[in-house]
Amino acid sequence: MSLFAMGFLLVILQPSTGQFPRACANTQSLLRKECCPLWDGDGSPCGESSNRGACQAILLSQAPLGPQFPFSGVDDREDWPSVFYNRTCKCKGNFMGFNCGECKFGFSGLNCTERRLRTRRNIFQLTNSEKDKFLAYLNLAKNTPSQDYVIATGTYTQMNNGSNLMFRNINMYDLFVWMHYYASRDTLLGGSNVWRDIDFAHEAPGFLPWHRLFLLLWEREIQKITGDENFTIPYWDWRDAEDCVVCTDEYMGGRHPTNPNLLSPASFFSSWQVICTRSEEYNSQQSLCNATSEGPILRNPGNNDKSRTPRLPSSAEVEFCLSLTQYESGSMDKMANYSFRNTLEGFADPRTAISNISQSGLHNALHIYMNGSMSQVQGSANDPIFLLHHAFVDSIFERWLRRHRPILEVYPAANAPIGHNRENYMVPFIPLYRNGEFFIPSRELGYDYEYLQEPALDSFQEFLIPYLEQARQIWPWLVGAAVIGGIVTAVLSSLILACKKKRAGTSPEIQPLLTESEDYNNISYQSHF
């Protein structure tokens with residue numbers, strides 16, 4: 001990518017969006033527990049004067065949670081975002097955003113009435129110019145300060161309930177890295193105590209909807225800072241791959257010639273600094289990640305623990321996962337058996353769907369295979385391969401939704417781990433989104449996948465699969481019915497034939513021709529089912 005092109009991109013900056021709205025990161029908003037910023041279009045909170053939305057009290061889900069988190073009132077993320085705000089903008093119609101200043105996913109236009117469908121494509125199907133543009137956008141995001149959002153560097157208690165502000169500016173790319181960290185971090189219990197069995201983005205039903213929203217928001221931010229309304233995140237189809245084929249300087253960065261844990265200096269990703277990777281340090285200090293640089297991206301693909309992840313996932317494993325009919329099951333965590341979500345996430349064996357946390361399958365397998373920054377949950381989004389990987393994971397989720405066509409009630413309404421019930425708001429997003437809102441086909445959210453569009457035959461087969469599965473379940477009854485029907489038909493045919501012979505033997509002269517019979521149009525033919 002030329003310096004001229006990068007300079008051009010840096011000139012066309014626009015505000016980005018993310019987590020704590022800058023307009024609400026002040027003492028007054030925190031003490032009032034209200035985040036209802038003005039919309040620039042009319043100067044009213046939530047664009048109320050233009051009927052875009054209104055400032056309203058947040059309605060929290062009262063559904064019971066699972067037993068995995070035995071505390072209450074110790075974590076800012078409980079009943080998100082009520083610790084910080086209990087009034088936010090409630091947008092109307094197709095409007096969206098922390099001040100109702102944007103359109104919902106899949107809509108565009110001045111009044112958000114125009115439907116729009118974008119297509120995510122295989123990164124290896126991009127032209128050289130398209131690929132270079134994508135890489136330039138990534139670097140732009142890493143060097144563009146967020147205009148609209150800041151991150152919290154302390155808990156609400158450490159902020160003295162809002163009177164001692166602890167917020168910090170951050171660039172657009174790292175904003176999303178921080179959000180991924182914040183959703184998956186441990187609970188700080190005071191002293192040196194933490195609770196590790198908690199994650200608002202993984203190991204439970206919300207894993208797929210959470211990352212679906214994460215990608216959509218990231219995509220939207222790139223569209224805004226570049227002015228490229230057609231931008232979509234490309235995906236890497238890693239099925240049956242023998243190695244990391246995107247790990248080259250032409251794409252996501254090759255291997256360093258002397259240090260296999262680093263990226264090649266020929267890739268500008270080698271100069272990127274990671275954040276939020278030192279979870280044990282934060283825990284011991286009872287602090288949050290403050291987005292301080294912590295060193296370069298680490299990646300040594302294929303030199304991982306082979307006993308845990310012997311290879312990258314196969315096509316057969318993906319197909320088996322897609323055949324699972326239950327989205328969630330049992331405890332609805334990483335111990336769930338026969339769960340599509342748990343199998344795709346990688347805590348269940350992709351050949352049996354039985355939980356096996358000593359192995360890493362499908363989604364988890366690729367994270368472990370990368371053997372570096374990608375392999376640590378909280379900081380995994382530092383490596384830009386994260387985006388390509390999760391775009392393809394989302395496409396598998398999409399295939400499952402199209403194949404099984406679940407109703408919304410299939411997503412658990414209660415007893416899931418904390419933050420993962422259907423009506424829970426997803427941490428740490430502001431504006432607010434519920435898990436169930438993203439348990440819908442991607443086309444309703446304004447995007448599709450190139451390989452799910454073509455060829456048409458594949459789409460037709462995907463359509464037929466649910467009905468073929470039902471037929472498979474009832475085939476013994478169908479066979480039985482066919483046998484009985486055949487016997488009955490044979491008996492009736494024998495009786496009819498005998499009657500005809502008897503009539504033919506009596507008076508052949510008076511038998512009319514078939515075409516002369518008055519009952520010609522009333523004859524019914526036997527159907528052999």
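**Salt bridges in close-up**

At 33% relative accessibility, glutamate 319 counts as partly exposed in this predicted model. The views below show selected salt bridges, of which the whole structure contains 33.

**View 1. A salt bridge joins glutamate 319 and arginine 399.** The side chains of the two residues meet with an N to O distance of 3.0 Å. Arginine 399 belongs to helix α10 (residues 385-404) and glutamate 319 to helix α7 (residues 315-323), so that this pair, 80 residues apart, links distant parts of the chain. Unlike the partly exposed glutamate 319, arginine 399 is buried, because its relative accessibility of 9% falls under the 20% limit.

**View 2. Arginine 341 and glutamate 345 form a salt bridge within helix α8.** Their closest N and O atoms lie 2.9 Å apart. Because the two residues are 4 positions apart in helix α8 (residues 340-345), about one helical turn separates them. Arginine 341 is buried, with a relative accessible area of 0%, and glutamate 345 is likewise buried, at 1%.

**View 3. Glutamate 423 meets arginine 434 in a salt bridge.** The N to O distance between the side chains is 3.4 Å. Both residues lie in the loop between α10 and β16 (447-449), and the pair therefore ties together parts that are 11 residues apart in sequence. Glutamate 423 is partly exposed, with a relative accessible area of 34%, whereas arginine 434 is buried at 17%.

**View 4. Salt bridges with shared partners form one network.** The residues joined in this way are Arg120, Arg212, Glu219, Asp394, Glu398, Arg402, Arg443 and Asp448.

Conventions: Residues numbered from 1 in each chain as written. Predicted model: local features only at pLDDT ≥ 70, side-chain atom pairs only at ≥ 80, totals over all residues. Heavy atoms only, no water. Salt bridge = Lys/Arg side-chain N within 4 Å of Asp/Glu carboxyl O. Buried < 20%, exposed > 50% of the residue type's maximum accessible area, 1.4 Å probe, protein only.
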